[in-house]
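I'm opening my notebook for a look through this one. I'll jot down what I looked up, entry by entry.

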Amino acid sequence: ADHAIAGTVVVPGAGLVEFAIAAGDLVDCPVLDELVIQAPLRIPASGVVDVQVHVGEADEAGVRPVTVSSRPSGREGWERNAEGFLAPVAAAVVHDGADVGAWPPPGAEPVPVEDFYERLADRGYVYGPAFQGLTAVWTRDGEMFGVVTLPESADTAGYGIHPALLDAALHVSMAATPLGDTDTDTDTVQMPFAWN
C-alpha cells in the first residue's frame with residue numbers, strides 16, 4: 001500500500017526483481033541477468049492476487065528463463081508481468097574507478113531532498129513511509145551519490161535486497177534530475193522497466 005503510481009497500488013519493479021532472484025536461488029541461478037517489466041503488477045483495493053514465478057530449463061551456459069505472472073485470485077488466465085533470465089554466475093563488471101571512500105565524495109554538491117516525496121506525489125508517485133528511504137543526494141560531474149535507508153520497523157528477513165531499499169536507490173536519480181522541468185511531460189509517469 002506504500003507504493004502507488006498514478007493512483008494505483010502496484011508492486012514495485014524491485015519487488016518483481018526479488019521474486020525472480022528468490023526463485024533463482026532455489027535452482028542455483030542466483031544472478032538476475034535481465035528482467036524486463038511487461039505490465040505492472042497491480043494490487044486491487046480488495047481481494048487477493050495470485051503470483052506465479054516460473055523458471056525454465058537451463059541452456060548450455062546454465063542460464064534459465066524466468067517469468068513473473070499474476071491474476072486476481074480465482075480467475076482464469078495469467079497476465080505476464082515480467083520476463084528475463086537468471087544466471088549461475090555474474091558477468092564481469094567494469095568499474096570506472098570511482099573512489100567513494102570519502103563520504104560525501106569530495107567536490108560533490110548536495111541536492112535538497114527535504115520535500116522530495118511531496119514533489120513526487122504531485123507527479124503521481126505516492127510513496128508511504130516504507131518507501132521513503134532517500135535521505136541525502138549529491139552530484140558531481142554527471143555522477144549521482146545518495147544515501148538510502150529502511151525504516152527501523154522494516155522486516156528484512158528472507159530478502160536478498162529489500163524491495164523498498166532497492167526502490168529508494170532509484171530515487172537518487174529522480175532527486176538529482178529536476179522534477180517538473182519544462183522539457184518533461186508532467187502528465188506522464190515513468191517507471192523502470194529493465195533490471196539486471
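Below are my notes, grouped by topic.

**Before I start**

I remind myself that this is a predicted model.

**Entry 1: a sheet**

I started with the strands and looked up how they line up. One open sheet has 4 strands, in the order S4-S2-S1-S9, and the pairing is antiparallel. I then checked the ends of that row: strand S4 (41-42) and strand S9 (125-127) are the edge strands, each pairing on one side only.

Next I zoomed in on one pair. Strand S1 covers residues 3-5 and strand S2 covers residues 8-11, and 2 bridges join them in the antiparallel sense. Across from Ala4 I found Val9 of S2.

**Entry 2: odd backbone angles**

Which residue sits in the loop between S1 and S2? I noted Ala6 there. Ala6 isn't a glycine, yet its phi is positive, at about 50°. I also looked up how covered Ala6 is: its relative accessibility is 55%, so I put it down as exposed, the cut-off being over 50%.

Asp141 gave me another positive phi, near 50°, again in a residue other than glycine. Asp141 is in the loop that runs between strand S10 (134-140) and strand S11 (143-148). With a relative accessible area of 78%, Asp141 is exposed too.

Then I checked a peptide bond. Going from Trp103 to Pro104, the bond is cis, and omega is near -5°. I found Pro104 in the loop between strand S7 (79-87) and strand S8 (109-111).

**Entry 3: salt bridges**

How many salt bridges does the structure hold? I wrote down 5. I followed up three pairs.

Glu79 pairs with Arg42, and their closest N and O atoms are 3.9 Å apart. This pair links distant parts of the chain, as Glu79 is in strand S7 and Arg42 in strand S4, 37 residues apart. Glu79 is partly exposed, at 35% relative accessible area, and Arg42 is partly exposed as well, at 45%.

Arg71 makes a salt bridge with Asp50, with 3.6 Å between the closest N and O atoms. Here too distant parts of the chain are linked: Arg71 belongs to strand S6, Asp50 to strand S5, and they are 21 residues apart. I got 23% relative accessible area for Arg71, which is partly exposed. Asp50 comes out at 22%, also partly exposed.

For Glu83 and Arg80, the side chains meet at 2.8 Å, N to O. Both ends are partly exposed: Glu83 has a relative accessible area of 35%, and Arg80 has 39%.

**Entry 4: a charge without a salt bridge**

Is Arg64 buried or exposed? I found that Arg64 is buried, and that it has no salt bridge. Its nearest side chain of opposite charge is Glu57, 5.0 Å away. A salt bridge has to be within 4 Å, so that distance doesn't count. I then looked for what else the Arg64 side chain reaches, and it gets to the backbone oxygen of Gly56 at 3.0 Å. For the record, Arg64 is in strand S6 (residues 64-72).

**Entry 5: a nonpolar patch**

Last stop, the surface. Which residues make the nonpolar patch of about 190 Å²? I listed Phe19, Val51 and Val53. I picked Val51 for a closer check: it lies in strand S5 (residues 49-55). Val51 has a relative accessible area of 37%, so it counts as partly exposed.

Definitions and conventions
Residues are numbered from 1 along each chain as its sequence is written. This is a predicted model: local features need pLDDT of at least 70, side-chain atom pairs count only at pLDDT 80 or more; totals for chains, interfaces and linings use all residues. Side-chain values use heavy atoms; hydrogens and water are left out. Two strands pair if DSSP finds at least two bridges between them. Helices (H or I, at least four residues) and strands (E, at least two) are DSSP runs, numbered from the N terminus. Patches are made of residues with over 30% relative accessible area and no salt bridge: like charges are joined within 9 Å, nonpolar side chains (Val, Leu, Ile, Met, Phe, Trp, Tyr) within 5 Å. Accessible areas come from the Shrake-Rupley method with a 1.4 Å probe; for residues, only the protein chains shown count as cover. Buried means under 20% relative accessible area, exposed over 50%, partly exposed in between (1.4 Å probe, protein chains only). Lys and Arg count as positive and Asp and Glu as negative; His and the chain ends are not counted. A polar contact is a pair of N or O atoms within 3.5 Å; within protein, one must be able to donate a hydrogen and the other to accept it, and residues adjacent in sequence count only if both atoms are side-chain atoms.
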